[in-house]
Amino acid sequence: MYQLLNTFLLLQIAKSTSPCNFNNIFGAGPPPYYINYKLQTNQTITIDGNLNDPAWKEVAFTDSNPDICGTQEYCNTNGNCATGPDTCAIPRFTTRQKMRWDDNYLYIGAYLEETQIWANNTKHDSVIFYDNDYEVFISPDGSNHYYKEYEMNARATWWDLSLNKPYSNGGYENSSRVFGKKGWDDPGLVTAAQIHGCTLNDPSSGPCQGWSVEIKFPLKTISLNNTNTLPIKPNSYWRINFSRVEYKVNVIDNNYVKDKTPCENWLWAPLGIVDVHQPERWGYIQFSNQAVNSTFKITDPDWQIRSVAMQLYYAQHHYYSQHNHTYTTNVTDLYSYIPLGENILTCSELPTITTQPGKFVVQVMDLKTQRIASVTEDRYLLVLNSK
């Protein structure tokens, strides 16, 4: 599910008063974080839509997904999501996820509270978000490119696709929906859904309690086009997000009929803008091979330098829109366009910027780690050692 909005709406967010505090980027707070524990040799997960395997019961759910615009505090304070008609609403139902992994698969389990459960799509790779749905977005290397998207409804009808880069950067959907047999289809993916307390598409059987899903992602295919992500190294991390699209419905002649109001969108990692295709703001999963609840959280040491690089990325695009579609090599030209203010540049060495017609590369070095973040005009973000 996505709705493209101009990236420059981000500039309406208040400037940061703490130069190296990136916790309020997009007004959404720091990215959520989950320690994903490896299955032990004697553990298995049966993909049947239920979350009753012992391997699920021993790990915690995430916090419930807030609105795509931001946390409850942000919603209460700001009211609207950036600008436009989409209002920031407190979700009407809870949505929580769990994760596990082994040498071959990433497992996702989720429970979606719901009182009216319906689903119309029955065709694989149809546009699933026309129904209420559950979605997973995975960026194994955090580059913002070649990430995977998965959507399913309460029938367990699903749509999987790969994106070379975000739509707002000229990316495209690679799926069998677009390219037929030549399109992306995730071989080996297994999924299931279970409905609790009622019957699908039957208002007279309710009220429902909710529906649960299980998804088994093959690591080899979900990591395709991403370098150095396999085999999984203990305490390494991927970027990930979980989305839920929810429509209001009316009951007419014992059938669910969608209301004309726009759908709501609830994300684990909120974005402050109605566009889920902002991978730099997704949450983190940390892979652990230790016993459940025995691993310490290891924060991404590149989070700060990534954030500085992306602030300059946003600034360059806003500058471009105001200066005859040209980018600048002079960082001082960007001061007034940096969403969090020019003081964030004290968090890194002085950036270097190179340009070609229609292109740019921004590089910034972390003062402590000496790591260099590089971002291009199409959002491709890499962090490498300086030597």
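Hi everyone. Let me start with a definition: when I sort residues today, Ala, Val, Leu, Ile, Met, Phe, Trp, Tyr, Cys and Pro count as nonpolar, Asp, Glu, Lys and Arg count as charged, and the others, Gly among them, count as polar. We'll use that for a pocket in a moment. Please keep in mind that what you see is a predicted model.

First, the overall picture. The protein has five helices and 18 strands. Of its 387 residues, 56% are buried. If you take the contacts between residues at least 6 apart in sequence, 67% of them join residues at least 24 apart. As for the surface, about 16800 Å² is exposed, with carbon and sulfur atoms supplying 49% of that.

Now to the pocket. The largest one has a volume of about 650 Å³. It is lined by 29 residues, and the closest to its centre are Pro140, Asp141, Thr227, Asn228 and Arg306. Two elements, β10 (237–246) and β18, each give two or more residues to this lining. Which of the elements gives the most to the lining? That is β18, with four residues. And here is where our definition comes in: the lining divides into twelve nonpolar, ten polar and seven charged residues.

Let's look at those two strands in turn, beginning with β10. Is β10 mostly covered or mostly open? Covered: nine of its ten residues are buried. Strand β10 has several antiparallel partners. Strand β4 (residues 133–139) is joined to β10 by seven bridges, and there tyrosine 134 sits opposite arginine 244. Arginine 244 also stands opposite tryptophan 266 of β13; β13 covers residues 264–267 and is linked to β10 by four bridges. Then there is β14 (residues 283–288), again with four bridges to β10, where glutamine 286 faces tyrosine 237.

Next, β18, which takes us to the end of the strand list. Strand β18 (residues 381–385) runs antiparallel to β17, with five bridges between them, and leucine 384 in β18 is opposite isoleucine 372. These two strands form a hairpin with four residues in between, and arginine 379 in the turn has a positive phi of about 80 degrees.

Step back once more and β17 (residues 371–376) also pairs with β16 (residues 359–365), antiparallel, over five bridges. Here valine 364 has alanine 373 as its bridge partner. That hairpin has five residues between the strands, and glutamine 370 takes a positive phi near 65 degrees.

That's my tour. Thanks for listening!

Terms used:
Residues are numbered from 1 along each chain as its sequence is written. This is a predicted model: local features need pLDDT of at least 70, side-chain atom pairs count only at pLDDT 80 or more; totals for chains, interfaces and linings use all residues. Side-chain values use heavy atoms; hydrogens and water are left out. Buried means under 20% relative accessible area, exposed over 50%, partly exposed in between (1.4 Å probe, protein chains only). Contact means heavy atoms within 4.5 Å. Accessible areas come from the Shrake-Rupley method with a 1.4 Å probe; for residues, only the protein chains shown count as cover. Two strands pair if DSSP finds at least two bridges between them. On a 1 Å grid over the protein atoms alone, a cavity is a set of points where a 1.4 Å probe fits but cannot get out, and a pocket is an open set with protein on both sides within 12 Å along at least five of seven lines; lining residues have an atom within 4 Å of a point. Grid points are joined across faces, edges and corners, and a volume is the space filled by probe spheres set on the points.
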